[in-house]
Amino acid sequence: MITRPRNVSSSSSSPSLARAMGRHVLSVLHRSTGLLLLSALALALPACADPAPAPPVSHVTDHDNLLLAEWHTEFGVPPFDLIKNEHYEPAFREAMALHIAEVEAIVANPEAPTFENTIVALELSGAMLRRVSRVFGAVSGAHTNDTLQTVDRTLAPVRAAHADDINLNPELWERVEAVYEQKDGLGLTPEQDRLLEEMRKGFVRRGAALDEAGKARMREINGELAQFSTQYGENVLAETNAYELLVTDTADLGNLPPNLVHLAAEKARERGYEAGWVFTQDRPSVEPFLDASPNRDLRKDAFMGYALRGDNDNEHDNKEILSRTAALRAERANLMGYPTHAHFVLSDNMAETPDRVMSFLEEVWRPALEVAKQERADMQELMNAEGVEGELEGWDWRHYTERVRKARYALDQEALLPYFEVNSARDGVFMVTNHLFGMTFHERPDLPRWHPDQQVFEVREADGSHLGILYMDFFARPSKRGGAWMNSLRTQSNVDGFVTPIVTTNFNFPAPAGGGPSLIGLDNTMTLAHEMGHAIHGLLSNVTYESLAGTAVPRDFVEMPSQVMENWMGEPEVLRMYARHYQTGEVLPDEFIDKLQASATFNQGFITVEFIAAAFLDMAWHLLDRPVEHEARAFEDAEMAHIGLIDEILPRYRSGYFSHIFSGGYSAGYYSYLWAEVLDKDAFQAFVETGDLFHRETAQKLRDEVLSRGGTRPGMELYVNFRGREPSIQALLEARGLVDG
Ligand SMILES: [Zn+2]
């Protein structure tokens with residue numbers, strides 16, 4: 001039984017599309033992620049019990065808008081408990097005005113331009129706006145509401161225009177150029193030199209060197225793009241929340257884990273159904289259903305609902321928005337003298353050119369596609385052997401993957417779940433972090449939060465000194481966007497005294513139902529470790545200038561520190577340290593660990609193919625050499641046919657909900673995750689080669705040469721300083737089972 005309040009029937013899609021819906025929707029925005037920690041180690045680590053927190057109290061003064069006031073909170077954390085929705089818009093407007101005044105003062109300075117009075121002054125300007133933007137970005141991503149969405153929509157073009165007012169200010173550009181021209185005689189430190197290089201490049205890349213007509217068109221394009229980006233993200237959220245699948249026959253749940261059954265029942269009650277179970281399109285809901293349900297029709301319904309988000313020809317359709325976005329980006333690149341948006345973006349990344357990205361993707365694509373075809377054949381055989389007629393389809397893939405996994409490795413994912421309760425997974429990640437870098441985590445339920453489910457930790461160095469603050473927001477809810485991500489509420493810097501970082505990590509794990517545990521599994525534990533890796537990158541930053549601190553590095557380098565953390569979580573010796581049954585405390589049995597090892601490369605053909613298909617799709621949209629709009633579905637179909645994608649697999653993100661590239665910062669950059677995996681697999685080998693996964697000197701080197709250095713040097717240089725050589729792709733191919741190890 002299905003109730004669908006929205007039009008998501010398969011008839012709304014083209015036949016080729018329907019056929020192409022075979023992809024499953026595993027895991028996270030930052031796809032390789034995971035981590036945890038455990039009660040055995042609780043002695044070594046600050047415990048993370050769940051004390052009933054007293055209501056947090058913040059004190060603020062000096063301004064009637066709390067976002068602009070001085071915060072007398074401990075560690076200077078934002079007073080989330082006191083900030084009101086209505087504070088944001090006026091705070092943004094006032095902070096932008098302040099920023100403009102600061103920039104005007106730099107321009108009006110009668111003294112000749114110097115590094116201090118121009119470059120450093122500009123670096124320090126806009127601090128209040130950064131504070132407001134970061135709080136808003138964090139809260140609106142993790143716990144939005146109608147008011148915040150309206151603020152976002154209203155201010156998107158205003159904020160874009162504000163950025164252009166500064167980036168395209170001719171007098172400001174003249175001063176920056178004047179400093180740049182004398183740079184060699186200024187006696188700058190390497191970091192100061194880097195700041196100047198990056199700042200000048202930023203101005204050029206935003207159009208400062210264009211003529212007046214070019215600048216005017218640049219402003220128009222940026223304004224439109226900002227609106228499209230906001231609208232695209234809202235449409236994805238609306239489409240995700242609008243879908244529901246009501247299941248009324250318990251047989252249709254299959255072997256769905258009990259906690260998820262409970263969660264689905266709660267969801268049904270919340271939505272006013274007296275009986276049954278409701279599944280939605282957030283991943284923790286739809287993926288386990290596709291794994292578990294033996295009902296092929298229902299699987300198809302859920303699968304199509306997922307795949308057609310943003311592509312339902314309704315008021316939330318994203319096709320025109322994304323096509324116009326790609327066209328405007330092409331026009332902007334042309335204006336800047338680049339053949340395509342991809343050329344423009346990549347010229348500032350490690351990869352440097354589209355050719356290098358495409359040939360890298362090709363190199364992994366070919367073996368992966370062959371492996372995926374073999375996986376398909378195995379599943380087809382099992383399906384037909386069970387008496388299900390016809391061809392394997394997209395909505396069958398996840399289900400039969402689990403069946404084959406069970407048959408071949410006797411590995412029952414569901415039986416593993418009790419060993420990966422969310423808090424013990426978190427403690428496992430803390431433990432790994434502690435063993436590598438000596439940091440400890442101290443829960444602070446008294447600090448203000450934006451949602452009661454959030455956890456807050458003070459992070460300390462091995463010697464007990466304060467390092468920073470870490471927020472963790474684990475559970476899916478309608479007010480949160482999909483995926484998992486990290487952001488900074490305050491970035492490290494050391495211009496006039498050391499400023500400590502405040503970072504947040506966000507996830508979409510299944511919320512505990514009926515007082516039960518949240519059992520997240522190993523994949524989500526990897527996600528937890530991944531976001532923790534970004535958090536560590538922010539927390540361990542030790543540079544002078546904020547704009548070069550922490551995660552301020554190219555897209556195809558930023559995923560290295562995050563992905564490298566995932567490597568520990570699946571290692572047998574590490575699993576034995578943290579993976580314990582949430583009820584009995586029993587360590588994950590060796591039998592399970594052996595099976596996990598044996599099946600480590602299982603389904604990697606599929607996982608790799610769906611990823612690279614999306615990376616090719618991203619490149620296709622951004623290799624347009626003219627500002628021409630394309631019909632999105634036909635464009636995508638043609639591109640997928642061109643690369644030889646098989647019908648049963650969809651790109652990991654279809655164009656209609658590819659938020660990374662149409663409302664995030666990953667345009668012409670989705671390949672970065674795989675690119676960074678070359679680095680992270682190779683980096684992890686540095687530990688393996690010592691014979692000690694927690695080798696302290698290697699960890700210290702990783703910290704000193706990479707994690708603490710932010711963007712003060714190019715990524716490859718940082719990497720080579722750590723590893724002693726450039727990375728090899730071999731470790732990645734072996735880890736994915738795409739070559740013989
Ligand atoms: Zn990431």
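## A tour from the zinc site outward

Start by selecting H530 and E559: H530 is buried, and E559 is buried too. Before you zoom in, keep in mind that what you have open is a predicted model.

**Stop 1: the zinc ion**

Which residues hold the zinc ion? Show the side chains of H530, H534 and E559, and you have the set: NE2 of H530, NE2 of H534 and OE of E559 coordinate the ion at 2.1 Å. Look along the sequence and you'll find these donors spaced as H-x3-H-x24-E. Now color two helices: H530 belongs to α18 (residues 521–539), while E559 belongs to α19 (residues 555–569). H530 and E559 are 29 residues apart, and the pair links distant parts of the chain.

**Stop 2: the second largest pocket**

Next, select A127, R490, T491, V499 and E546. Of the 19 residues that line the second largest pocket, these five lie nearest its centre. Which elements give two or more residues to this lining? They are α3 (115–124), α4 (127–142) and β8 (485–490). Color α4 in something bright, since this helix supplies the largest share of the lining, four residues.

How much space is in there? About 400 Å³ lies in this second largest pocket. If you color its lining by class, you'll get eight nonpolar, four polar and seven charged residues.

**Stop 3: strand β9 and its neighbours**

You've already met β8 at the pocket, where it is one of the elements contributing to the lining. Select β8 by itself: five of its six residues are buried, so this strand is largely enclosed by the rest of the structure.

Now add β9, residues 502–509. Is this strand mostly covered or mostly open? Mostly covered: eight of its eight residues are buried. Here's a handy thing to know while you turn the view: in a regular strand the side chains alternate between the two faces of the sheet. For β9, put I502, T504, N506 and N508 in one color for one side, then V503, T505, F507 and F509 in another color for the other side. Both faces are covered, with every one of these residues buried.

Which way does each neighbour run? Five bridges join β8 to β9, and these two strands are antiparallel. To see how they line up, pick S488, which stands opposite V503 in β9. Then pick M486, which stands opposite T505 in β9.

Bring in β7 (residues 466–475) as well: six bridges join it to β9, and this time the strands run parallel. Here the residue to click is Y471, found opposite T504 in β9.

**Stop 4: salt bridges**

Side chains of opposite charge can pair when their charged atoms come close. How many salt bridges does a search of the whole structure find? It turns up 56. Let's visit a few.

Go to helix α7 (residues 190–205) and select E198 and K201, which sit three residues apart there, about one turn of the helix. They form a salt bridge, with 3.1 Å between the closest N and O atoms. E198 counts as partly exposed because its relative accessible area is 26%, and K201 counts as partly exposed at 30%.

Now select D396 and R299, whose closest N and O atoms in their salt bridge are 2.6 Å apart. D396 is in helix α15 (residues 394–409) and R299 is in helix α11 (residues 296–307), so this pair ties together parts that are 97 residues apart in sequence. Are these partners buried or exposed? Both D396 and R299 are buried.

Move on to E591 and K595, another salt bridge, with the closest N and O atoms 2.9 Å apart. Both are in helix α21 (residues 590–598), four residues apart, so about one helical turn separates them. E591 is partly exposed at 48% relative accessible area, whereas K595 is buried at 16%.

To finish this stop, select D311, D313, D317, K319, R633, E636 and R654 together: salt bridges that share partners join them into one network.

**Last stop: A216**

Jump to helix α8 (residues 212–242), where you'll find A216. With 39% relative accessibility, A216 counts as partly exposed. Measure from its C-alpha to that of L168 and you should get 9.2 Å, for two residues that are 48 residues apart along the chain.

Methods
Residues numbered from 1 in each chain as written. Predicted model: local features only at pLDDT ≥ 70, side-chain atom pairs only at ≥ 80, totals over all residues. Heavy atoms only, no water. Donors = N, O, S within 2.8 Å, 3.2 Å for Na, K, Ca; no water. Buried < 20%, exposed > 50% of the residue type's maximum accessible area, 1.4 Å probe, protein only. 1 Å grid on protein atoms, 1.4 Å probe; cavity = no way out; pocket = protein on both sides within 12 Å on 5 of 7 lines; lining within 4 Å. Points joined across faces, edges and corners; volume = space filled by probe spheres on them. Nonpolar A, V, L, I, M, F, W, Y, C, P; charged D, E, K, R; others polar. Pairing = 2+ DSSP bridges. Salt bridge = Lys/Arg side-chain N within 4 Å of Asp/Glu carboxyl O.
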